[in-house]
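Please look through the structure below with its sheet, its charged pairs and its cysteines in mind. The text that follows takes up these topics one by one.

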Amino acid sequence: MLLQDARIRLRAMEPEDCAAMYRWENDTSLWMLSDTTRPFSRAALAEFVAQASQDIYQARQVRLMIEPLANHGEAIGCVDLFAFDPLNRRAGVGILVYEPGLRRQGYASAALKLLTHYAFDHLDLRQLWADVPISNTASLGLFTRAGFSGDTVRRQWVRRADGSYEDARFLQRFND
């Protein structure tokens, strides 16, 4: 199966995922990473899930749920392709493993590897990119280990909750 390895599967969103996504999307500590500026209602998230059946060429984004095979349908996070640009064959990547106790166990690495194969082999993208705040050393390491690189620093790119700004590293991976 294209979107599965020995530990996890990446799958489409289901209506049952709305409760978890409600927690994730309304966690204000994550808003600086996702450009979120307001809380999401359950109805808005249900509509988002319902519209997820649109093709990436229409919606310009896709969210896939990260599901450990042992969890029997319960997602622990998600990976997103966003700002999809079919002309230039590139997309941004976002990833979340929500519960701190589930981080650093290889789930994000496995999800990023599967997503990269999907983007390059199925969607025929040439480039994936990510903006990662400099303080997020875990994500910088994750993307670097997955073959992303780049020396570009976007100065004062991310507004933090306290109103200050943080630099972000712009990382890319090419399908050469």
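Charged pairs, sheet and cysteines

Arg89 is partly exposed, with a relative accessible area of 34%. The model is a predicted one, and in it Arg89 forms a salt bridge with Asp124, the closest N and O atoms being 3.5 Å apart. Asp124 lies in the loop between helix H5 (107–122) and strand E5 (127–133), while Arg89 lies in the loop between strand E3 (77–85) and strand E4 (90–97), so the pair ties together parts that are 35 residues apart in sequence. Asp124 also counts as partly exposed, at 44% relative accessibility.

This pair belongs to a wider set: the structure holds 10 salt bridges. Another of them joins Arg11 to Glu67, with 2.4 Å between the closest N and O atoms. Here too the link is between distant parts of the chain, since Arg11 sits in strand E1 (residues 8–11) and Glu67 in strand E2 (residues 62–68), 56 residues apart. Both Arg11 and Glu67 are buried.

A further salt bridge is formed by the side chains of Glu166 and Arg160, at 3.6 Å from N to O. Its two members differ in exposure: Glu166 is buried, with a relative accessible area of 7%, whereas Arg160 is partly exposed, with 35%. Salt bridges with shared partners also join Arg9, Arg11, Asp17 and Glu67 into one network.

The strands can be considered next. An open sheet of 7 strands has the order E1-E2-E3-E4-E5-E7-E6, and its pairing is mixed. E1 and strand E6 (153–159) stand at the edges; each has a single partner strand, so one side of each is left without a neighbour in the sheet. On average, neighbouring strands of this sheet are turned by 30° against each other, direction ignored.

Strands of a sheet pair through backbone hydrogen bonds, either parallel or antiparallel. E2 and E3 run antiparallel and are joined by 5 bridges. Within E3, Cys78 is the bridge partner of Met65. Helix H1 (residues 18–25) lies across E2, E3 and E4, and runs at about 110° to E2.

Strand E3 also contains Phe82. At 29% relative accessibility, Phe82 counts as partly exposed. Not counting residues up to four places away in sequence, Phe82 touches Arg60, Gln61, Ala91, Gly92, Val93, Gly94 and Trp129. Gln51 is 31 residues from Phe82 along the chain, and the C-alpha atoms of these two residues are separated by 15 Å.

The cysteines remain. How many disulfides does a search of the whole structure find? The search finds 0. Cys18 is in no disulfide, and the nearest cysteine sulfur, that of Cys78, is 12 Å away. Cys78 is likewise in no disulfide, its nearest cysteine sulfur being that of Cys18. A disulfide needs two cysteine sulfur atoms within 2.5 Å, so a separation of 12 Å does not qualify. Both residues are buried: Cys18 has a relative accessible area of 15%, and Cys78 has one of 5%.

Terms used:
Residues numbered from 1 in each chain as written. Predicted model: local features only at pLDDT ≥ 70, side-chain atom pairs only at ≥ 80, totals over all residues. Heavy atoms only, no water. Buried < 20%, exposed > 50% of the residue type's maximum accessible area, 1.4 Å probe, protein only. Salt bridge = Lys/Arg side-chain N within 4 Å of Asp/Glu carboxyl O. Helix = DSSP H or I, 4+ residues; strand = E, 2+ residues; numbered from the N terminus. Pairing = 2+ DSSP bridges. Axes fitted to C-alpha atoms, helices over the stretch in contact; angles between N-to-C directions. Contact = heavy atoms within 4.5 Å.
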